[in-house]
Amino acid sequence: MHTPHIRTSRRTLLALIGASLVAGPIIATQSATAAPAGLDDPAKKEIAMKLVSSAENSSLDWKAQYRYIEDIGDGRGYTAGIIGFCSGTGDMLDLVELYTQRKPGNVLAKYLPALREVNGSDSHEGLDPGFQGDWHRAAQDSAFQQAQNDERDRVYFNPAVRQGKADGIGVLGQFTYYDAIVMHGDGGDSTSFSSIRRRALAKAQPPSQGGDEVTYLNAFLDARVWAMKQEEAHSDTSRVDTEQRVFLRKRNLNLDPPLDWKVYGDSYHIG
């Protein structure tokens with residue numbers, strides 16, 4: 001269930017979302033004997049999904065979120081699905097277009113004209129009253145679930161991991177990038193992912209430039225907190241303070257279980 005404090009402090013997406021980040025070589029930073037798995041390793045990716053779900057949905061059961069949809073009052077219209085696709089920011093439109101390409105005549109296809117009209121606003125015009133119920137029905141379709149997975153990877157997960165590897169940071173660092181791009185998107189705004197990264201680079205060098213990984217990640221998280229505090233909806237920074245910094249202080253740069261953290265005061269554990 002989505003608790004009230006999540007509704008007031010969930011992340012929001014920016015209107016312009018970029019999916020192209022600089023690719024680069026994988027640089028081992030944590031093990032003298034073998035390169036650690038990247039966040040794209042299936043076991044690490046599953047951890048990443050649970051970590052984000054704990055902050056976005058107050059649950060580790062991220063797969064239960066395919067059917068999630070509500071207007072959380074953040075000015076982005078409906079927020080829905082495993083990564084918070086928004087009717088007002090274009091990524092929900094992209095998702096339904098992909099689903100319809102793969103499965104014409106699906107239960108959401110009839111909403112495409114309305115989704116194009118409300119893009120960039122918080123309007124529900126043309127979506128109500130049936131959109132939420134039809135979203136729930138679509139979420140039972142494995143083709144729609146796969147479309148959500150694929151758009152999550154294309155727009156958020158893969159770009160974050162690519163940039164993390166290019167910067168020479170390990171699994172935890174790649175996750176900090178992923179969580180940031182989920183919340184802030186990667187448009188041209190001063191609080192976008194790329195702007196957060198630039199702010200961090202002004203303070204510390206990443207391992208790919210000869211810097212210390214822990215020092216750089218602290219600089220990145222400092223920049224992330226600054227960005228979160230620029231908007232009231234992001235002002236609760238516990239997903240950084242009592243989650244990501246906990247792992248960083250323990251120097252668990254590979255996100256190896258067991259993992260214990262808190263978000264919005266709720267405790268979570270991965271064994």
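**Exercise 1. Locate Asp74 and Glu56, and decide whether each is buried or exposed.**

Step 1. Asp74 sits in the loop between strand 1 (69–71) and strand 2 (78–80). Helices (H or I, at least four residues) and strands (E, at least two) are DSSP runs, numbered from the N terminus. This is a predicted model, in which local features need pLDDT of at least 70, side-chain atom pairs count only at pLDDT 80 or more, and totals for chains, interfaces and linings use all residues. Residues are numbered from 1 along each chain as its sequence is written, and side-chain values use heavy atoms, with hydrogens and water left out.

Step 2. Asp74 has a relative accessible area of 12%, so Asp74 is buried. Buried means under 20% relative accessible area, exposed over 50%, partly exposed in between (1.4 Å probe, protein chains only).

Step 3. Glu56 belongs to helix 2. Its relative accessible area is 2%, so Glu56 is buried.

Step 4. UniProt, in an unreviewed entry, places the feature "active site" at Glu56 and Asp74. They span 19 residues in sequence, yet no two of their C-alpha atoms are more than 13.7 Å apart, so they gather at one spot. UniProt positions are given in the numbering used here, feature names are shortened, and annotations may be inferred rather than shown by experiment.

**Exercise 2. Describe helix 2: its span, its cover and its ends.**

Step 1. Helix 2 covers residues 42–57, 16 residues in total. From first C-alpha to last it reaches 21 Å, close to the 22 Å expected at 1.5 Å a residue. The expected span is 1.5 Å times one less than the number of residues.

Step 2. Twelve of the 16 residues in helix 2 are buried. Among them are Ile47, Met49, Leu51 and Val52.

Step 3. Asp41 caps the N-terminal end of helix 2, with a side-chain oxygen 3.1 Å from the backbone nitrogen of Ala43. Just after helix 2, Ser58 takes a positive phi of about 55°.

**Exercise 3. Which side chains have polar contacts with the side chain of Asp128?**

Step 1. Place Asp128 in the loop between helix 4 (112–118) and helix 5 (131–138). Its relative accessibility is 40%, so Asp128 counts as partly exposed.

Step 2. The side chain of Tyr78 makes a polar contact of 2.5 Å with that of Asp128. The side chain of His124 makes one of 3.0 Å. A polar contact is a pair of N or O atoms within 3.5 Å; within protein, one must be able to donate a hydrogen and the other to accept it, and residues adjacent in sequence count only if both atoms are side-chain atoms.

**Exercise 4. How do the side chains alternate along strand 4, and how does strand 4 pair with strand 5?**

Step 1. Sort strand 4 (residues 259–263) by face. Leu259, Trp261 and Val263 point to one face and are buried. Asp260 and Lys262 point to the other and are not.

Step 2. Strand 4 pairs with strand 5 (residues 266–270) in the antiparallel sense over five bridges. Two strands pair if DSSP finds at least two bridges between them. Leu259 stands opposite Ile270.

Step 3. The hairpin has two residues between the strands, and Tyr264 takes a positive phi near 55°.
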